Amino acid sequence: MRGAADGSVQPSGGKLSRPTSRGGQAGLVGLGGGVPTTLNRLLLILGDQLDRASPLLRDFDPALDALWMAEATAESTKVWSHRQRTALFLSAMRHFRDEQRALGRTVHYRSLDDEAPAATLGEALRADLSRLKPARVLVVEPGEWGVRDELVEVCRVAGRPLEIVVDTHFLSTVAEFRAHAEGRKSLRMEFFYRELRRKHNLLMENGEPAGGEWNYDADNRESFGRDGPRGLVRPLLFPPDATTRGALATVAKHFPGHPGKVESFGWPVTPEDARRALADFIENRLPGFGPHQDAMWEGEAWLWHSRLSAALNLKLLHPREVVEAAEAAWRAGRVGLASAEGFIRQILGWREYVRGIYWLRMPGYAQLNALGAVEELPGFYWTGKVPMACLRDAIGMTLENAYAHHIQRLMVTGLYALLLGVRPQRVHEWYLAVYVDAVEWVELPNTLGMSQFGDGGIMASKPYVASGKYIERMSNHCRGCAFDPAAATGPKACPFTTLYWDFLD
């Protein structure tokens, strides 16, 4: 979108416009580069927009342009954010800032460690627009509706034109999804996924899906059996460097009472580390991902999963390089088709689909509650102190690592909240708070729509509900649990089973 002279916002394509006149001379002082005496463009880099190939950077002029980044207290307090989640954002942002300054680019950066840290992004931007007086402001499409509105309003009041640039870090655009949705009575991921498979020629052979099927989900539902997972290779972890240690110290200073532990922090915070994590997954865990992606095992946080979602959502990795690496492994015979397709479907299918749903339906989507659920989220979601073994394990690992894989989220923590009748907005707030990969555009539809059926079927065709027997089949949690998944009544009745029949009634 392109801003008008009065600070309004108008549609824009992916190519950035630039005035033909380049008045003003470069200054000689600044933070990492010459600060323009007449600042042409102030380029806003948000915490989940750390794309080194961002369209904002393609024609950056050090003599006339500057980058702007801000750490704001509200980004960790509007939901009670896990300390690892906050630390990841801060560390990745600071690495990006330092790289840009090393390239000679001016970066105006507000830190939580400043003498007077900003409460909100809007407050920080308002002050800096007044101080820097840029001719115009640009930002890549934000990942949160509220942030987009905040930036638009601040620029409008300041009288600074704002241009919202199409995000090139996805395999589809918001406009493409809107066109796909036009005229359809219902939306389903499978059909959009097939369109994108054709568009990007992924897992295709002579115009048809490889192996003759579009979807191998039926092959990807195996449990581990009584003996549990075998041959696991632990994922590559990244010990905190000096910048990350500084971010962890900031979190300890400003958010000491927030949930979660930080001792296990090992997330990639740079593109280089993210690519190492991708290579590690393709080599060591993708072969086993397909058949066992829905299985759980007590005490095993990672299993065959990729741990790449956070790097993707902060834009340290482009989804194209991720899906192409998986396809290349299949074509080289190193990975089975069901594993490659199942993983690619998560990136090319679900990830793109939920983003389309978010921008098609917001802002009203966030308030939907189709089932009329009114219960509050149980307090044990913040402590893990609960007698059900499956919930205790999933929540405990979430607090330990700021991570749980998708079946723990959908069919344990999400399932219990759905069956109990928790207001979907409370569940959404918890998921946004506790997971290191949570950005609203991807978290909200997955939680409110798919997990809680709060949208009444916009996202998925039916509620994902099951009794305790599903958890018994897909894990070893029930062996040592005080409750019997086959019992719906009596002192040993599994709460999942009891609530399942109550939900159906």
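Buried residues are those with under 20% relative accessible area. In the predicted model described here, this cut-off is applied to single residues, to helices and strands, and to the chain as a whole.

The protein chain contains 18 helices and nine strands. Its C-alpha atoms occupy a box of roughly 75 × 55 × 45 Å along the principal axes. The radius of gyration of the protein chain is 23 Å, in agreement with the value near 23 Å expected for a compact globule of 505 residues. Of these 505 residues, 59% are buried. Among contacts with a separation of 6 or more, 77% link residues 24 or more positions apart. The surface exposed by the protein chain comes to about 20,100 Å², and carbon and sulfur atoms account for 52% of this area.

Strand 6 spans residues 136-140 and is largely enclosed by the rest of the structure, because five of its five residues are buried. In a regular strand, side chains alternate between the two faces of the sheet. In strand 6, Arg136, Leu138 and Val140 point one way, whereas Val137 and Val139 point the other way. Both sets of residues are buried, Arg136 included.

Strand 6 pairs with two strands, strand 3 and strand 7. Strand 3 (residues 41-44) runs parallel to strand 6 and is joined to it by four bridges. In this pairing, Arg41 lies opposite Arg136 of strand 6. The pairing with strand 7 (residues 162-165) is also parallel and likewise involves four bridges. Here Val139 has Ile164 of strand 7 as its bridge partner. The connection from strand 6 to strand 7 passes through helix 4 (residues 145-158), and the resulting β-α-β crossover is right-handed.

Glu144 is located in the loop that leads from strand 6 to helix 4. Its relative accessible area is 18%, and Glu144 is therefore classed as buried, the cut-off being 20%. The side chain of Glu144 makes a polar contact of 3.0 Å with the side chain of Lys78. When neighbours within four places in sequence are set aside, the residues in contact with Glu144 are Lys78, Tyr358, Trp359 and Glu440. Lys78 thus appears both in the polar contact and in the contact list of Glu144.

Helix 15 covers residues 424-434. This helix is mostly covered, with nine of its 11 residues buried. The buried residues are Pro424, Gln425, Val427, His428, Trp430, Tyr431, Leu432, Ala433 and Val434. They pack against helix 2 (83-102), helix 13 (389-401), helix 14 (406-420) and helix 16 (440-451).

Within helix 15, Trp430 has a relative accessibility of 1% and so counts as buried. Its side chain reaches the backbone oxygen of Tyr381 at a distance of 3.0 Å. Tyr381 is also one of the contacts of Trp430 beyond four places in sequence, together with Leu377, Trp382, Thr398, Thr413 and Tyr435. The C-alpha atom of Trp430 lies 9.7 Å from that of His82, although 348 residues separate the two along the chain.

Two further positions were examined, one in a loop and one in a helix. Gln293 is found in the loop between helix 9 (286-292) and helix 10 (309-313). With a relative accessibility of 5%, Gln293 counts as buried. Leaving out residues up to four places away in sequence, Gln293 touches Asn220, His305, Gly342, Gln346, His405, His406 and Ile407.

Arg245 belongs to helix 7, which comprises residues 242-254. At 49% relative accessibility, Arg245 counts as partly exposed, since the exposed class begins over 50%. The side chain of Arg245 reaches the backbone oxygen of Pro240 at 3.0 Å. Arg245 and Ala87 are 158 residues apart in sequence, with their C-alpha atoms 8.9 Å apart in space.

Terms used:
Residues are numbered from 1 along each chain as its sequence is written. This is a predicted model: local features need pLDDT of at least 70, side-chain atom pairs count only at pLDDT 80 or more; totals for chains, interfaces and linings use all residues. Side-chain values use heavy atoms; hydrogens and water are left out. Buried means under 20% relative accessible area, exposed over 50%, partly exposed in between (1.4 Å probe, protein chains only). Contact means heavy atoms within 4.5 Å. A polar contact is a pair of N or O atoms within 3.5 Å; within protein, one must be able to donate a hydrogen and the other to accept it, and residues adjacent in sequence count only if both atoms are side-chain atoms. Two strands pair if DSSP finds at least two bridges between them. A crossover is right-handed if, with the strands pointing away from the viewer, the path from the first strand over the helix to the second runs clockwise. The radius of gyration is taken over C-alpha atoms; the globule rule is 2.2 Å times the number of residues to the power 0.38. Accessible areas come from the Shrake-Rupley method with a 1.4 Å probe; for residues, only the protein chains shown count as cover.
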